[in-house]
Amino acid sequence: MLSATGPLLTVDAGERTTRETVIDDVLEATVGGRATATALAHERIPFDADPFGPENRVYLSTGPLQQSQMSFTGRMNMTGLSPLTDGLVSTNAGGYLSRNFVATGYSVLEVTGESDELLAIHVTDTGVEFEDVPELEGATVPETSDYMSDHHDLGPEHCIAIGPAGENLVRFASVMTFDSRAFGRGGLGAVLGSKNVKCVTFDGDVAPPLEIPNPPEMEIHREAAQSDDRMRRQGTTGGTEFINDNFSLPTRYFEGYEFEDVAAIGGDAVEEKKYTKGACSACAYACKLPTRDEATGVETEGPEFETVYAFGSLQGVGDIVDVMRANELCDTLGMDTISAGVTVAAYLASEGEFGNAALAQDLVEKIATRDGVGEQLAEGVARCHDELGVEDYTVKGVEFAAHDGRVLHGQGLSYAVANRGADHMYASLLSLEYSGQLDPQGTLGKAETLVAEENHNAFRDTGIVCAFGDDYVTDERLETLFDADYAALMEVGARTVQLERHFNNQRGFDRDDDELPYEIPDLEDSITEYYDARGWSEDGLVPESALESLAPATDESRE
Ligand code: SF4
């Protein structure tokens with residue numbers, strides 16, 4: 001089976017030491033990306049770690065396909081113990097980082113410890129340098145990129161960085177790359193902030209060569225370049241009206257399912273503001289959305305659909321320029337747009353201020369700096385909803401993505417059991433339910449499909465293939481590219497989900513955490529079906545007997 005190559009690089013931000021570990025056997029068993037990072041995290045992050053303690057670790061990992069020039073592979077994985085869920089999360093970002101990362105020769109970067117001073121870490125193919133950057137305290141993500149460009153001649157495609165939100169330990173702070181691409185969900189930006197790591201740069205010239213079969217590599221590239229999908233023009237916003245028509249676009253902090261001003265914030269409205277094409281490295285599909293409003297000068301990349309929901313319909317805001325402003329603020333300050341938007345919507349609900357876009361933008365800035373009410377909101381909805389007097393629309397502390405589980409019941413089940421909480425990318429039953437391949441009504445009998453979707457997405461984040469490439473990087477092509485049959489690939493995905501779950505079990509997660517803030521049919525019985533399909537106990541626990549076959553030997557004693 002194809003797998004990523006190169007050693008693990010461990011950087012201790014407190015001790016300012018580095019260590020290289022050959023992990024070829026781990027990579028052979030786990031391929032790369034999310035699976036490799038999850039295996040390492042499972043073994044190396046203490047089960048009782050404080051998410052903000054020096055013992056927590058952040059993993060940035062590549063898959064093997066990032067060593068190729070295939071479309072849909074301009075992405076990287078990040079994994080760590082989340083301050084939002086208190087469990088293990090993996091998150092995935094595009095941009096141009098992946099090729100610069102593999103050019104350093106490493107397969108995984110592990111950051112541990114805690115620096116006394118605000119720190120930049122420079123990873124190259126000849127070594128690692130540490131740089132105190134006190135002048136970057138409070139700097140935005142673009143200001144940090146500019147500094148790295150001015151002082152090190154490295155553009156934002158070479159960097160991961162946090163903004164003020166990460167420094168201030170906002171529980172949904174993101175790690176940004178290329179200024180506008182977010183490792184968004186789960187607050188790993190705050191984990192880097194707790195380590196006083198402002199920025200990591202990657203620069204090198206030793207990418208190991210990778211031969212992948214052609215076809216299908218060139219076929220995928222050609223089909224991506226020739227596609228006339230609406231998504232190529234409008235990105236994820238292309239489905240906004242369709243989702244609204246299917247009563248799955250949560251509105252006014254979940255009061256409703258459809259938004260009367262959807263046309264003003266949907267795909268056509270976004271496309272009207274798009275001024276050029278945008279892509280990730282090597283991707284001919286180029287679905288990104290650089291947008292500009294000539295009248296106001298507001299410029300951003302995006303908004304993507306989930307931001308249109310979180311800062312549009314969910315807040316009762318029907319102006320795409322307001323959504324663009326909020327999107328740019330979140331990117332600049334370093335925050336997940338979904339969690340930030342839902343948290344702001346919760347505040348607007350508590351104050352009766354739906355539609356007040358100026359207040360929403362002011363709140364985003366206050367959250368990033370923990371100023372005034374921002375101190376409360378920076379903790380996220382699960383921790384502040386009581387004080388606000390609103391319902392807790394989260395699962396495992398993660399604010400809901402759109403695609404309403406009250407209408408798409410299989411997606412609701414997915415939100416309930418997902419290790420990452422209420423996130424739509426963990427298992428996308430929504431696609432099957434929108435298309436009618438699955439009846440959106442009911443949850444019983446959907447567990448096997450849910451398991452298959454979770455495994456598929458876990459492997460996709462391992463390979464690493466973009467979620468928007470499923471129609472091009474088909475299951476058959478995955479088999480050819482990875483030189484393995486589909487069942488073997490899915491086994492890697494399944495082990496990843498099991499390890500995440502086992503880690504979370506050790507931190508006290510069980511059936512009581514697999515719950516929704518609303519009722520859908522037969523949820524408890526369908527959760528039992530899901531546990532049975534996974535081989536877990538009635539309480540949602542991974543049996544210890546399953547562990548030996550799950551976790552490859554990655555212990556630090558080999559060093
Ligand atoms: S499909 Fe879009 S998001 Fe995915 S790699 Fe290509 S440009 Fe990036």
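**Exercise 1. A buried acid and its partner**

Task: Decide whether Asp514 is buried or exposed in this predicted model, then say which residue forms a salt bridge with Asp514.

Solution.
Step 1. Asp514 has a relative accessibility of 1%. The cut-off for buried is under 20%, so Asp514 counts as buried.
Step 2. Now find the partner. Arg501 forms a salt bridge with Asp514, and their closest N and O atoms are 2.7 Å apart.
Step 3. Place both ends. Arg501 belongs to helix H22, while Asp514 sits in the loop between H22 and H23, so the bridge ties together parts that are 13 residues apart in sequence.
Step 4. Check the arginine as well. Arg501 has a relative accessible area of 2% and is buried.
Step 5. Look for linked bridges elsewhere. Arg171, Arg370, Glu375 and Glu379 are joined into one network by salt bridges that share partners.

**Exercise 2. Bridges between distant parts**

Task: State how many salt bridges the model has, then work out which parts of the chain are linked by Arg507 with Asp86 and by Lys288 with Glu304.

Solution.
Step 1. Start with the total. The count is 33 salt bridges.
Step 2. Take Arg507 and Asp86. Their closest N and O atoms are 2.7 Å apart, and the two form a salt bridge. Arg507 lies in the loop between helix H22 (486-506) and helix H23 (523-534). Asp86 lies in the loop between strand E4 (76-81) and strand E5 (88-93). The two residues are 421 residues apart, so this pair links distant parts of the chain. Accessibility differs at the two ends: Arg507 is buried at 18%, and Asp86 is partly exposed at 27%.
Step 3. Take Lys288 and Glu304. This salt bridge has its closest N and O atoms 3.0 Å apart. Lys288 is in the loop between helix H11 (267-273) and strand E13 (290-292), and Glu304 is in the loop between E14 and helix H12 (305-311). The pair is 16 residues apart and links distant parts of the chain.
Step 4. Add the accessibility of the lysine. Lys288 has a relative accessible area of 13% and is buried.

**Exercise 3. The ligand and its cavity**

Task: Say which residues surround the ligand, and what space the ligand takes.

Solution.
Step 1. List the shell. Phe72, Arg75, Ala279, Cys280, Cys283, Tyr285, Ala286, Cys287, Lys288, Cys466 and Phe468 surround the ligand.
Step 2. Sort the shell by class. Nine residues are nonpolar, none is polar and two are charged.
Step 3. Survey the cavities. The whole structure has five of 30 Å³ or more.
Step 4. Match ligand to cavity. The ligand takes the space of the largest cavity, which holds about 100 Å³.
Step 5. Describe the lining. There are 13 lining residues, and Arg75, Cys280, Cys283, Cys287 and Cys466 lie nearest the centre of the cavity. By class, this lining has nine nonpolar, two polar and two charged residues.
Step 6. Relate Cys287 to Gly463. Their C-alpha atoms are separated by 20 Å, and the two residues are 176 residues apart along the chain. Gly463 belongs to helix H20 (residues 447-463) and is buried at 0% relative accessibility.

**Exercise 4. The second largest pocket**

Task: Find the volume of the second largest pocket, and say which element gives the most to its lining.

Solution.
Step 1. The volume is about 160 Å³.
Step 2. The lining consists of Pro142, Phe178, Asp179, Ser180, Thr300, Glu301, Glu328, Asp331 and Thr332.
Step 3. Assign elements. Strand E14 (299-301) and helix H13 (320-333) each supply at least two of these residues. H13 gives the most, with three.
Step 4. Sort by class. The lining has two nonpolar, three polar and four charged residues.

**Exercise 5. Backbone exceptions**

Task: Locate the cis peptide bond that Pro215 shares with Asn214 and the one from Gly302 to Pro303, then compare the settings of Phe247 and Tyr253.

Solution.
Step 1. Recall the background. Most peptide bonds are trans, and most residues other than glycine have a negative phi.
Step 2. Asn214 and Pro215 are joined by a cis bond with omega about 0 degrees. Pro215 lies in the loop between strand E12 (197-203) and helix H7 (217-226).
Step 3. The bond from Gly302 to Pro303 is cis, with omega near 5 degrees. Pro303 is in the loop between E14 and H12.
Step 4. Turn to phi. Phe247 has a positive phi, near 55 degrees. Tyr253 has a positive phi too, near 45 degrees.
Step 5. Place these residues. Phe247 is in the loop between helix H9 (240-245) and helix H10 (262-265). Tyr253 is also in the loop between H9 and H10.
Step 6. Compare accessibility. Phe247 is partly exposed at 42%, whereas Tyr253 is buried at 6%.

Methods: Residues numbered from 1 in each chain as written. Predicted model: local features only at pLDDT ≥ 70, side-chain atom pairs only at ≥ 80, totals over all residues. Heavy atoms only, no water. 1 Å grid on protein atoms, 1.4 Å probe; cavity = no way out; pocket = protein on both sides within 12 Å on 5 of 7 lines; lining within 4 Å. Points joined across faces, edges and corners; volume = space filled by probe spheres on them. Helix = DSSP H or I, 4+ residues; strand = E, 2+ residues; numbered from the N terminus. Nonpolar A, V, L, I, M, F, W, Y, C, P; charged D, E, K, R; others polar. Salt bridge = Lys/Arg side-chain N within 4 Å of Asp/Glu carboxyl O. Buried < 20%, exposed > 50% of the residue type's maximum accessible area, 1.4 Å probe, protein only. Near = heavy atom within 4 Å. Sits in = over half its atoms within 2 Å of the grid points.
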